Each structure stands twice: as C-alpha cells, then as structure tokens.
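Here are some notes for a colleague opening this entry for the first time. They are best read with the structure on screen.

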Amino acid sequence: MEQTQIQQNRHSLAHLLAAAILKIWPDALPTLGPAIDTGFYYDFDFKTPISDKDFEKIENKMREIAKKWKGFEKKEISIDEARKLFAGNPYKLELIEEINKKKESITLYTSGTGDTESTDLCRGGHTDDMARTVLAMGWKLERVAGAYWRGDEKNKMLTRVYGLAFESKEKLEEYIKLREEAEKRDHKKIGKEMGLFTVSDLVGKGLPMYLPKGNIIRTELEKMIRYEKEKLGYSFVTIPHIARKELYIRSGHMGKYDAMMPTMTDENGDEFVMKAMNCPHHFEIYNAEQHTYKDLPLRLAENTTVYRNEKSGELSGLLRVKNLTQDDTHHFIRQDQIQSEIKMIIGLMQKVYSMFGFNDYKVKISIRDPKNKEKYFGSDEVWEKAEGILIDEVKKWGVKYSVEEGEAAFYGPKIDIGVKDSIGRDWQLTTIQLDFNQPENFEMDYIGDDGKKHRVVVLHVAIFGSFERFMGIIIEHYAGNFPVWLAPVQVKVIPVRTSHNEYAKKVYETLRANDIRAEFDDDDENLGKKVHATKNDRTPYWIVLGDKEVEANTVTLESRDSGQLGQMTVNELVAKLTTEIKDRK
RNA sequence: GCCAUUGUAGCUUAGCGGUAAAGCACGUCAUUGGUAAUGACGAGACCAUGGGUUCGAUCCCCAUCAAUGGCUCCA
C-alpha cells in the first residue's frame with residue numbers, strides 16, 4: 001500500500017507506544033495500531049485499567065525506547081512460527097489466520113534491539129529513524145477510549161490509546177488551536193450562554209427544549225424554508241404523531257426498526273406507534289385523492305417531529321437527539337419528471353444555503369452495486385436512467401462530487417450534500433432520495449394521458465435535515481453571532497441615564513411596532529457597563545440614547561460587526577434594519 | 001449499550017475526613033454615569049441521587065443518573 005511519510009511516522013509511533021506499554025504492563029495484549037488523520041492509536045486488552053494519568057509515564061518510556069530503537073527490521077515468517085510466537089494473544093492469532101486465508105505472507109517487524117516488546121506483526125511502512133522521528137514530530141498521547149475489537153459491539157471492549165502526531169511541533173499546536181476554537185464555538189456552550197435551549201434530566205436526555213430566544217431562531221428557519229418552498233409550489237400538510245402499527249407494516253418499517261417504535265395499545269387492542277418517519281402518512285395523504293398526470297409533481301411538505309430511539313451514548317446537544325424536526329418533503333412525480341425535479345431541488349438548496357454562506361459543497365451520489373443488481377428493487381432501465389440523471393444534474397451544478405457504488409438503498413439511488421462551515425468542518429445536510437419501492441407498497445398511482453393508471457416515483461427530501469441539527473451547526477458556524485434576521489434580539493435600546501428612559505421607551509416601541517426584535521435595557525447601571533454587556537451577548541445592533549439624541553430626535557447606532565455607525569432618525573434605523581432582515585443578510 | 005473522564009450556589013470555578021469559598025449574575029440602597037465593567041449591603045448550595053465505611057463524609061468505597069470524548073481511518 002502506498003503510504004505518505006507522515007502516515008509511516010504515525011504508524012511507527014503506534015509501534016513505539018505498544019513497545020512502551022508492554023514494558024510497563026507486560027500482561028497487556030496488543031491488537032491493532034494504525035495511523036489516523038490526526039495521529040495514531042493502538043488498541044490493547046489490558047488486565048489492569050489505565051487512564052490518562054498514566055500518559056506521562058508512557059510518553060517518557062516511549063522516548064527512552066526510541067533512543068535505542070535501531071530501525072524496523074523486517075522478517076518473513078511461516079504461519080506456524082507466527083502461531084507459536086503469538087500463542088498468548090488471541091487477537092493477533094485471529095489476524096494471522098485471516099492473513100493466511102488471504103494467502104499473503106506474514107511479516108514481523110522488530111526494533112533491531114532484540115526486545116520482544118518491540119516485535120510486532122505488521123504489514124510494513126515505517127520510519128527508518130525512530131529516534132529522529134520522535135524528536136522532530138509534534139506528538140503526544142491524547143486520551144484513552146473504549147473500542148470494540150474490530151468495531152463490533154458483540155466483541156470484547158478493548159482500551160484504545162489515542163495519540164496526536166503531526167509533522168512538527170508547530171503543526172501540532174495549530175491542530176490543538178483549531179480544536180480549541182471549535183470548543184469555543186461548541187453549540188452546547190453557546191446555547192447555554194445565549195439562552196437558546198435546555199435539556200432537563202426529568203424530561204430526558206436527547207430531548208432538548210427551546211428557550212424563548214432559541215425558539216426565535218428556530219421559528220425564523222421554519223418560516224424561511226416554508227416561504228421558499230411555497231413559492232415553488234409545495235403544499236403543506238399536517239399529520240398526527242402516532243399511527244396504527246399497520247401503517248408501518250405496510251411501509252415495511254415495522255420489522256426493520258421495531259426498537260425505534262415502541263407500541264402503545266388502546267382499549268380496543270389497536271396498537272399505535274410514535275412516528276419515526278413521515279413518509280407513510282404523506283403517502284396516505286397522496287392516496288386520499290385521485291391524481292392525474294397533470295397534477296404532478298405533487299409536493300407534500302411539513303416541518304414535523306419524528307422520534308427515534310438513538311443509542312443513549314450517541315446523544316449530544318442538538319446534534320444527536322431523540323426528537324428531530326424535519327423539513328420533510330415528499331415529491332410525487334412521473335418518471336419523466338425526475339430530471340426537472342432534481343434540478344429544482346438543487347436550486348432551492350443552493351438558494352437556502354447561500355443565506356448562511358455555505359457555498360463549499362461536497363456531494364455524494366449513491367448508486368447500485370453493479371455486480372449485485374438483483375439486490376435492488378425496480379427495473380434495470382429505471383435505475384440506470386435515474387442514476388444517470390442524478391449524476392448529470394450534479395455535474396451541471398459544477399461542484400465536487402463522488403459516485404459511491406453499492407451505497408444506494410435497495411429502493412433507490414440518492415444524493416447526499418455536505419457543506420463546509422466557517423472553520424472548515426464538513427457537515428452532511430441535505431439528502432435527496434429516489435424511491436421506487438414505496439409507490440408499490442402503497443399502490444400510489446396517477447392517471448396518465450393514456451387514461452391508464454401508472455405508478456408514481458417518490459422523492460424524499462429534507463433540505464436542513466433536521467432543525468435541531470441544523471441549529472446546532474449554525475450556532476457553531478456563526479459562533480453565536482447570528483445575522484440580523486436570525487438574531488433573537490436584533491437591536492438593544494440603551495438609554496444613557498434613567499432620565500432618558502421615556503424617550504428610549506418610545507423608540508423601543510416604534511421598533512417593535514415595525515416588527516423589529518428590540519430589547520429595552522432599562523437597568524439603572526452606568527452606560528459603560530451596559531454597552532460592555534451588550535457587546536458580550538452577541539447582539540448585532542444597539543442604539544444609545546442620551547441628551548444629544550433626545551434633542552435631535554435621533555438614535556446613535558453601533559454594530560457588533562462594524563462598530564460606530566453614527567446618528568440617524570428612528571425611521572432611518574427602521575428602514576435599514578427592515579431591509580437587512582428582508583434580505584436575510 | 002460499552003470504555004475513560006467528570007458532576008460543589010443561576011453561571012464559571014476554589015476547597016477540605018469535622019456540614020463550604022470566590023468572581024459574575026441576582027436583590028436592596030446610594031450613585032445619574034456617553035461606550036471594557038460605580039460603591040455598600042444582602043439573599044442564594046442538604047457539595048448529582050441512593051447506599052456503605054467511619055465517632056463523623058461534599059471529600060474514601062459501591063451503585064444509579066447525567067454530561068463530555070471515544071467505540072470498523074484496520075496485521
């Protein structure tokens with residue numbers, strides 16, 4: 001395998017880590033230790049638990065060993081030798097048997113010092129000078145974590161020791177800085193500081209609740225997406241949050257996601273489940289009326305909450321939750337409308353994302369596994385055409401994309417779209433999913449121009465994905481400095497002295513009457529303190545009102561992003577803010 | 001779910017085997033102050049919950065709950 005220098009160095013450090021650990025804990029069983037994007041890790045089966053308090057000891061041991069480390073001596077051994085050598089380590093034995101099955105040769109690498117601790121089963125790819133590598137690189141042990149053997153939760157939990165490793169100490173610092181920056185932007189921290197959302201033990205984990213200020217942001221997002229969709233001819237509907245179990249038996253979800261959907265039984269013995277997806281309800285809305293080819297595309301949209309039983313350890317703030325509100329749409333279209341519909345959706349998405357400054361896209365198109373066509377639902381012809389259209393439309397869009405064979409769901413191909421945020425992190429947002437299967441399950445038809453019934457094609461689309469996740473992402477993207485249209489408080493009204501309260505109140509009321517989210521800071525504090533507090537709470541604008549302003553019947557405007565903006569009349573301020581809000585700048 | 005770490009006033013944190021301290025925020029009074037924080041006083045915590053060890057626990061042990069980071073980037 002082709003490996004870069006840095007990967008080789010990282011991997012070598014993993015060997016060094018293993019050697020150090022075995023010196024200190026001779027009964028630990030080493031398993032795997034690859035290089036990763038930010039350094040390396042090594043998984044061990046420890047007899048005694050270790051923690052990050054042991055890091056200093058381990059790092060020192062690593063440096064000590066590195067000095068004596070002669071290089072990586074390669075030795076090819078037979079399967080029997082290997083079995084004998086690793087007789088006490090079932091993990092290595094499992095690997096050896098696998099290598100043997102693949103008919104590859106088994107290679108050992110040693111430090112050249114003859115130490116057994118520094119001998120490891122390895123495919124190769126190392127630094128030739130461990131001592132220099134250890135000195136030159138920026139590295140440190142990062143944390144211990146649990147990891148299942150081979151990532152399978154049915155297997156034994158091993159102890160993983162993570163290390164950071166970069167080309168130089170400066171690069172390591174840079175990475176640590178970036179991570180600190182990300183921590184400062186943590187949506188859970190900012191959410192608390194700004195009073196956006198809360199999680200209560202009594203309500204339950206993974207079930208965030210929006211506080212008044214957070215709810216303003218969420219409502220603005222909902223209003224915006226609804227407005228944009230309605231302009232394109234989407235029809236909004238409302239569905240209940242539970243349904244009879246039979247609905248999900250029909251859709252095929254029941255049987256596959258039972259753990260997600262616990263049932264409740266009413267007095268007649270009917271079983272109901274909480275919805276974990278909206279499609280079946282929307283399908284029944286489609287079927288409530290007869291449709292003709294002239295009605296299509298029909299786009300049913302709804303901002304509605306689904307409930308999913310995520311693994312409790314995976315819940316986190318707004319990003320992984322049990323209740324997620326999707327900006328869900330189901331497009332009911334004819335086969336000949338796939339192209340125009342995809343094009344429209346991509347256009348909508350671009351328009352929406354550009355409001356947030358998300359312009360760096362990463363697109364993944366998931367298609368069938370061409371070697372396993374029988375696994376998929378629907379005819380060859382329809383699949384090929386659909387996949388071709390998805391790829392074509394993304395090409396026309398002109399963004400980076402990849403085509404993933406075998407990643408499609410059995411019922412249809414899909415497009416996943418991710419964006420880069422303001423500090424360069426990738427977030428997967430929109431999914432556009434073609435579905436040839438559900439129209440069969442629900443017998444969803446339209447009358448064609450030939451007067452006969454035809455099956456529709458369904459597209460599942462959510463632009464934001466979920467409002468919870470999207471909010472979490474934009475909190476971090478903006479670091480809480482929301483643009484005016486989203487800011488919970490758009491302008492704060494600050495009188496210089498309490499004697500200016502009357503004038504300030506009048507200004508405040510005028511702003512509110514003009515649909516501007518103003519807040520009146522009538523605290524009996526000195527001006528310096530009030531302005532200081534306002535600067536810290538991420539309010540985009542504030543106005544100061546004192547003798548000068550009362551006399552001239554003006555306000556003095558200052559902005560979070562561009563400083564002092566001078567005096568203007570209240571009407572001028574209203575006009576300025578209204579325009580910015582309307583333009584969603 | 002599993003592994004590691006963590007859990008002290010609204011927030012951020014200090015502390016110790018003998019029932020807790022500070023800053024911010026909050027309240028009252030005085031100050032009427034023009035852009036990095038006016039002063040004084042005050043209220044506020046059974047130190048996550050439940051057990052145990054101990055003469056005695058917030059501090060030690062166990063369990064539970066919650067938070068944070070990990071859990072197929074592969075010899």
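1. In which sense do strand 16 and strand 23 pair, and over how many bridges? The pairing is antiparallel and runs over 7 bridges, with strand 23 covering residues 457-466. One bridge can be picked out by its residues: Asp328 has Ala462 of strand 23 as its partner. Please keep in mind that this is a predicted model.

2. Strand 16 also pairs with strand 15 (residues 298-307); the two run antiparallel and are joined by 10 bridges. Here Asn303 is found opposite Asp327 of strand 16. Strand 16 itself spans residues 323-333, and 10 of its 11 residues are buried, so the description "mostly covered" fits. As a guide for viewing, side chains in a regular strand alternate between the two faces of the sheet.

3. A separate point concerns an open sheet of 3 strands, ordered 4-5-6 and paired antiparallel. Its edges are strand 4 (73-77) and strand 6 (120-121); each has a single partner strand, so one side of each has no neighbour in the sheet. Strand 4 is joined to strand 5 by 5 antiparallel bridges, and Glu73 has Thr110 of strand 5 as its bridge partner.

4. RNA strand B is surrounded by 58 residues, and the closest are Gly146, Gly151, Ser312, Gly313 and Gly546. Among the elements that give two or more residues to this surface are strand 5 (106-110), helix 4 (90-101), strand 8 (157-166) and helix 16 (527-536). Strand 7 supplies the largest share, 6 residues. By residue class, the surface near RNA strand B has 21 charged, 20 nonpolar and 17 polar residues.

5. Helix 8 (residues 212-231) has the length one would expect: at 1.5 Å a residue its 20 residues should span 28 Å, which agrees with the 28 Å between its end C-alpha atoms. Its buried residues are Gly214, Ile217, Arg218, Leu221, Ile225 and Lys229. Viewed down the axis of helix 8, these fall within an arc of 95 degrees, and so they line one face of the helix. The spacing follows a general rule: an α-helix has 3.6 residues a turn, so residues three or four places apart point the same way.

6. Which exposed residues does helix 8 carry on the face turned away from its buried side? They are Pro212, Lys223, Tyr227, Glu230 and Lys231. Just after helix 8 comes Gly233, with a positive phi of about 90 degrees.

Conventions: Residues numbered from 1 in each chain as written. Chains lettered and ligands numbered in written order. Predicted model: local features only at pLDDT ≥ 70, side-chain atom pairs only at ≥ 80, totals over all residues. Near = placed C-beta within 6 Å. Helix = DSSP H or I, 4+ residues; strand = E, 2+ residues; numbered from the N terminus. Nonpolar A, V, L, I, M, F, W, Y, C, P; charged D, E, K, R; others polar. Buried ≥ 20, exposed ≤ 12 C-beta atoms within 10 Å, placed from the backbone. Pairing = 2+ DSSP bridges. Expected span 1.5 Å × (residues − 1). Arc of directions from axis to C-beta.
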